[in-house]
Amino acid sequence: MHDPDLATTSTAHPWHALDTEAVLAALATDAEGLTGVDAQARLTRHGPNRLAEAPLVPAWRRLVAQFNNTLLMVLMGAAAVTAWMGHTVDTVAILAVVVLNAVIGFVQEGKAEKALAAIRHLLAPHAVVLRDGRPHDLEAAHLVPGDVVLLASGDSLPADVRLIQARNLRVDESALTGESVPVDKSCAAVDRAAALGDRVGMAYAGTLVTQGQARAVVVATGGQTEMGRIGKLLQTVEGGATPLLRKMEAFGRTLTLTIIVVAAGLFAYATLLRQMPAAEVFMAAVGLAVAAIPEGLPAILTITLAIGVQRMAARHAVIRRLPAVETLGSVTVICSDKTGTLTRNEMTVQAVVCDGLSVAVSGAGYAPEGTLTATGPAGSAAPALRALLQAAALCNDASLRDDAGQWRLTGDPTEGALLTLAMKGGVIPVTAQIECPRVEVIPFESAHRYMATLHHDAQGAQVWLKGAPERVLAMCQHQMAPDGTLVPLTPGVWQAAIEAQARAGRRVLALAGKRLPAHTMDLDHAQVAQCMTLLGLVGIIDPPREEAMAAVARCRRAGIRVTMITGDHAVTASAIAAQLGMGQADELQALTGPEIEALDDAALCEVVHRTRVFARASPEHKLRLVRALQANGEIVAMTGDGVNDAPALKQADVGVAMGLKGTEAAKQAGAIVLGDDNFASIAHAVEEGRTVYDNLRKTITFLLPINGGESLSLLVAIALGWSLPIAPAQVLWVNMVSSLALAMVLAFEPTEADVMRRPPRPVGEPMLSGFVVWRVLFVSVLFLLGIFGLHDWALAQGLGDEAARTVAVNTLVCMEVFYLFSVRYLKAGSFTLQGVKGTPLVLVAVTAVVVLQLFFTYTPFMHALFGSAALPLQALPAIVAAGVAVFVVLELEKWVLRRHSAP
C-alpha cells in the first residue's frame with residue numbers, strides 16, 4: 001500500500017469531517033488493517049508512537065545559576081580582591097555569605113520540569129491491532145497511521161483514531177476537553193469547524209473508553225497526536241519571572257549601581273583629594289560595599305517564602321515553586337476551570353418537570369440529602385412523580401454506596417444522579433430492584449439514544465425507559481396527568497420545558513413507561529418504539545460548590561476578577577458562572593472556542609476585559625487567553641486538572657493544578673497543587689500570599705536601615721579622615737547573624753485584618769514606597785548617630801580601638817532589637833503590651849541575639865576572628881540607652897505622621 005504523507009496532527013487534518021470510506025482511502029488501508037510488511041515500512045517512516053523526551057537540566061547548571069545574582073557578583077568581586085590583598089578573614093566571611101545564599105536557593109528551587117514525562121505516561125502501553133487480518137496484542141509504540149485497532153470498555157486510547165465501527169461507545173475525554181461526563185461516540189462525520197469535544201467520530205490518545213466496543217483506524221501517532229501537540233505547546237511556553245523576582249532584580253540592580261558609584265567616588269575622593277593610601281582606602285571601599293549590601297536579604301526572601309509554603313500547606317495548597325507563594329498574593333485575575341474546581345464534579349438532579357407539576361430538588365452530589373419541593377396539583381404525592389422516581393431507580397445500571405459518610409458512585413455519573421433523586425424521594429433502589437426484578441434490558445446505544453428495562457411486579461410486566469428528550473417524546477403517545485390518569489401528549493408544552501431546562505445549563509433526560517402483557521419475558525426496540533407514556537423530565541447539572549460561591553465573592557471584594565475557561569458547553573458554563581456570582585449578566589455571555597479563533601490578538605485583548613466565561617476552549621485557546629490577559633498587564637493565576645490545561649498552567653504567572661483529580665501533566669506544569677481541588681483553597685492561598693508580601697516589606701524596611709547606618713558611618717569616617725567605627729568583617733557578622741535572626745521572625749507575623757479587603761497592588765508598584773524610603777533614610781541617620789556617638793564615647797572613656805569598635809557593634813545590634821519592636825507596626829504605635837511582647841518567636845530571637853553578642857564580645861576565639869574585645873560592665877547601660885532612644889524617637893515619629901494623616 002502507498003504510505004500517505006500524514007505529517008500533521010489529527011486536529012490540523014479534518015479526519016472528523018470525512019466519512020469512514022474517505023478516511024480509509026486517505027490512509028491507504030481498509031477495515032481489516034495493514035499487513036505486517038506495510039506496517040514496518042510506515043514505522044520506519046513515521047517513527048515510534050511515543051512522545052519525545054525533554055532533556056533535564058543538570059544539577060550543576062542549576063547550582064551555577066544561583067550565582068547569577070547582581071548582589072552576589074559584587075560580593076564575589078570583593079572576595080577576590082580581599083584575597084589578592086591577603087585579608088583572609090574578610091575573604092572567608094564574604095565567600096561564606098555567597099555560598100550560603102546559593103545553597104539555600106538551590107535547595108528551595110522547584111523540581112525540574114516533568115510535564116512532558118507525565119504526558120508520555122498517559123499513552124497506553126499496549127493495543128489490540130489488526131495485522132494481516134488477525135488481532136495482535138502489540139506495544140502501542142509500534143502503532144502507525146493506517147493501523148486498525150479494537151477498543152473495549154476500560155481501554156486507554158493508544159493513538160488518535162477515527163471510528164469506523166462503534167457500538168454503545170462512550171469515552172471519557174475530560175483530560176482533553178474538560179467535559180464532566182463521558183461522551184457518546186459514533187462513526188458520523190461532523191462539520192470541519194467542530195470543536196474538539198464535538199467530534200463524535202474521533203477518539204484521542206490518553207482518553208478512556210468507559211463503555212462499549214469499537215473498531216477504529218489510527219490517524220495520528222506520537223508527536224502528531226493531540227497529546228503530542230500539547231507537549232509541543234508546553235515546549236513553546238517559557239516560564240517568566242514572577243512579579244516579586246522582577247522587583248527584587250530591579251532593586252538589586254539599582255542598589256548595586258548605587259553602591260559601585262558611591263564606592264568609586266569614595267575611593268577617588270580619599271586617594272586624590274585627601275592623599276590617603278590606596279590599599280587602606282580600597283579596604284574601606286570594600287567595607288562600604290559589604291556594609292551597603294543586605295547580604296541576608298536573599299536568604300530572608302527564601303525563608304519568608306518557605307514559611308508561606310508551610311502556611312499554605314495547612315490550607316490544602318502545596319507549593320512546587322517557591323516564588324509562586326508571593327505571586328499568588330499579587331494576582332489580579334484567576335482563570336478557573338469549571339468541572340471539579342468551581343463545581344463538585346458530581347452530577348445532580350436540580351429540577352423535575354411532570355405534567356402540571358414542577359419539582360425543585362435540594363442538595364448536591366451523590367449523598368441522598370435533600371428534599372423534593374413540588375408546586376402543582378397533588379404536590380410530592382403526584383402519581384406521575386412517584387412513577388418517575390421508580391423509573392429513575394430501576395432503569396439504571398449504576399450503584400451508590402455509603403463509604404464512611406462519603407457516597408461513592410460506581411457507574412455513569414448521570415445514572416448516579418438519578419439514583420440519588422430516587423432516594424431523596426423515598427424510593428430505595430435496592431428495595432425497588434428486589435420488589436420489581438429486572439427481566440430484560442435494551443442498553444443505551446448512541447444510534448437509539450435511550451435505555452429501556454423490563455421488570456415484573458405484582459401487577460405484571462412493566463417497561464421503564466429513559467433517554468434524550470426529543471427521542472423519547474417521539475416514542476410517546478400519552479403523558480401521565482397529576483392524578484395518575486393518561487392523557488394525550490402535548491409536545492409543544494414539553495418542548496418549551498426542555499428549552500427552559502437547557503437555558504438553565506442543565507442536561508435534560510426524559511423518562512417514560514408502559515405496561516406489557518404479564519408474562520412478557522423479552523424486550524426489543526419494536527415494543528418500546530411507540531405508545532409509551534411520558535412521566536416527566538429531569539434537569540441535571542454539575543452544581544457549583546457552596547464554598548466556591550463564597551470564595552468568588554471574597555475574591556471580588558479583594559479586587560480580583562474570576563474568569564471561567566472550560567471545555568464544556570457555553571450554556572452550561574454561563575449558567576454555572578451566574579450561580580457563582582462571577583459578574584453581571586452581560587459579562588457572563590460565553591465566548592466559544594471558534595469565536596476565539598476568529599479574533600486576532602489585539603481584539604482578544606479587548607474581549608478579555610469584559611468577558612468572564614470562555615467555553616469549548618482547546619489548549620491553544622486557553623494559552624491565548626492567558627497571554628492576552630498578561631498582555632493587558634494582569635497577573636494571572638490559572639487553575640486546571642487536565643492535560644489540555646498544562647500549557648496554560650505553565651504560561652500563567654501562577655499555575656494551580658488539582659491534586660485529587662488532576663492529571664500528572666497538570667500537576668507538573670503547575671506551580672501550586674491544591675490538595676482538595678477546591679476553589680476556596682485558592683482564595684485562602686491568595687490571602688497567605690498577600691501576607692507573605694506584607695511581611696517581606698516589613699523585613700526590607702527592617703534590614704535596609706541597618707545597612708544604611710553601617711554605610712553612612714563608613715562614608716562619614718572616610719570623608720572626615722576618622723578611623724572606621726566598625727570593621728568590614730564585623731559588618732558581615734551583624735548582617736548575617738544578628739540581623740538575619742531578628743529579620744527572620746518578621747516572616748511569622750500574622751495576617752492583617754484588612755488583607756482581603758484591599759485591591760491588588762499595582763503591577764508597577766516599587767518594592768519601596770515613598771513612606772518606606774523615608775523610614776529607611778530616617779532610621780539610617782539614627783543608626784549613624786548611635787554608632788558614632790557610642791564609638792566616640794568609648795574612646796573618651798579610655799577604651800582602645802578594638803573595644804570602641806565592639807561597643808559600636810553592640811550598639812548597632814541593640815538598636816536593631818528595639819527597632820524590631822517598632823517596625824512590626826509601620827504606622828500604629830508599638831508602645832503597647834502586645835507590641836512589647838511581640839510574638840513568642842520575637843522574644844526567642846531577641847534572646848538568641850543577646851547570647852550571640854555576649855559570645856562575640858567575651859570569647860577569645862571571636863576576638864581573634866573579628867577583632868572584638870571584652871567590654872567593662874559600665875558600658876552596657878549606655879549601649880541599651882542608645883537602643884531605647886531609637887525606639888522612643890520612632891514612636892514620636894509615628895505619632896507625628898498619624899497626626900498629619902501619613903499614608
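Modeller: A charge sits over a ring if NZ of Lys or CZ of Arg is within 6 Å of the ring centre and within 35 degrees of the ring normal. This is a predicted model, so local features need pLDDT of at least 70 and side-chain atom pairs pLDDT 80 or more, while totals for chains, interfaces and linings use all residues. Residues are numbered from 1 along each chain as its sequence is written, and side-chain values use heavy atoms, without hydrogens or water.

Colleague: OK, which ring has the charged end of Arg170 over it?
Modeller: The charged end of Arg170 is 4.5 Å from the centre of that ring. The ring's owner also turns up in a core of 41 residues, together with Cys395, Ala422 and Ala432. The residue under Arg170 is Phe444.

Colleague: Let's zoom out: how many strands are there in the protein chain?
Modeller: Helices (DSSP H or I, at least four residues) and strands (E, at least two) are runs numbered from the N terminus. The chain has 33 helices. Its strands number 27.

Colleague: And what share of the 903 residues is buried?
Modeller: Buried means under 20% relative accessible area, exposed over 50% and partly exposed in between, with a 1.4 Å probe and protein chains only. Contacts (heavy atoms within 4.5 Å) give another view of the fold: of those with a separation of 6 or more, 72% join residues 24 or more positions apart. The buried share of the chain is 56%.

Colleague: Which helix gives the most to the largest nonpolar core?
Modeller: Such a core is a set of buried Ala, Val, Leu, Ile, Met, Phe, Trp, Tyr and Cys residues joined through side-chain atoms within 4.5 Å. This one has 100 residues, and Val331, Ile334, Met564, Met582, Ile672, Phe679 and Phe702 touch the most other members. The helix in question runs over residues 679–720 and supplies 13 residues, which makes the top contributor α26.

Colleague: Phe679 is on that list, so which cysteine does Phe679 touch?
Modeller: Leave out residues up to four places away in sequence, and Phe679 still touches Ile334, Leu342, Ala548, Ala551, Val552 and Val562, among others. Ser336 and Thr341 are touched by Phe679 too. The cysteine in that set is Cys555.

Colleague: How many aromatic pairs are there?
Modeller: Rings of Phe, Tyr and Trp (its six-membered ring) pair if their centres lie within 6.5 Å; planes under 30 degrees apart count as stacked, over 60 as edge-to-face and the rest as tilted. Phe702, Phe783 and Tyr819 form one aromatic cluster. By that rule, the pair count is seven.

Colleague: Is the pair of Trp774 and Phe778 stacked or edge-to-face?
Modeller: Both residues lie in helix α28 (residues 770–796), four residues apart, about one turn of the helix. Trp774 is partly exposed, at 40% relative accessibility. The ring centres are 5.0 Å apart and the planes meet at 20°, so the pair is stacked.

Colleague: Which residue with a positive phi follows α28?
Modeller: Its phi is near 90°. The residue is Gly798.

Colleague: Where have you got a positive phi outside glycine, and what is the value for Ala404?
Modeller: Arg449 is one such residue, with phi of about 65°; Arg449 is in the loop between β15 (438–442) and β16 (450–457) and partly exposed at 37%. Ala404 is in the loop between β13 (399–403) and β14 (406–410), and at 79% relative accessibility Ala404 counts as exposed. Phi of Ala404 is near 55°.

Colleague: Is Thr566 buried or exposed?
Modeller: Thr566 is found in the loop between β22 (561–565) and α20 (570–580). Leaving aside neighbours within four places in sequence, Thr566 is in contact with Asp337, Lys338, Ala573, Phe614, Ala615, Arg616 and Ala617. Its relative accessibility is 0%, so Thr566 counts as buried.

Colleague: How far apart in space are Asp542 and Val349, C-alpha to C-alpha?
Modeller: Asp542 is in the loop between β21 (532–541) and α19 (546–557), and is buried at 3%. Along the sequence, Asp542 and Val349 are 193 residues apart. In space, the gap is 8.7 Å.

Colleague: Last one: what separates the C-alpha atoms of Val636 and Val654?
Modeller: Val636 lies in strand β25 (residues 636–640) and is buried at 0% relative accessibility. Among the residues Val636 touches are Val331, Val333, Cys335, Leu629 and Val654. Val636 and Val654 are 18 residues apart along the chain, and their C-alpha separation is 6.5 Å.
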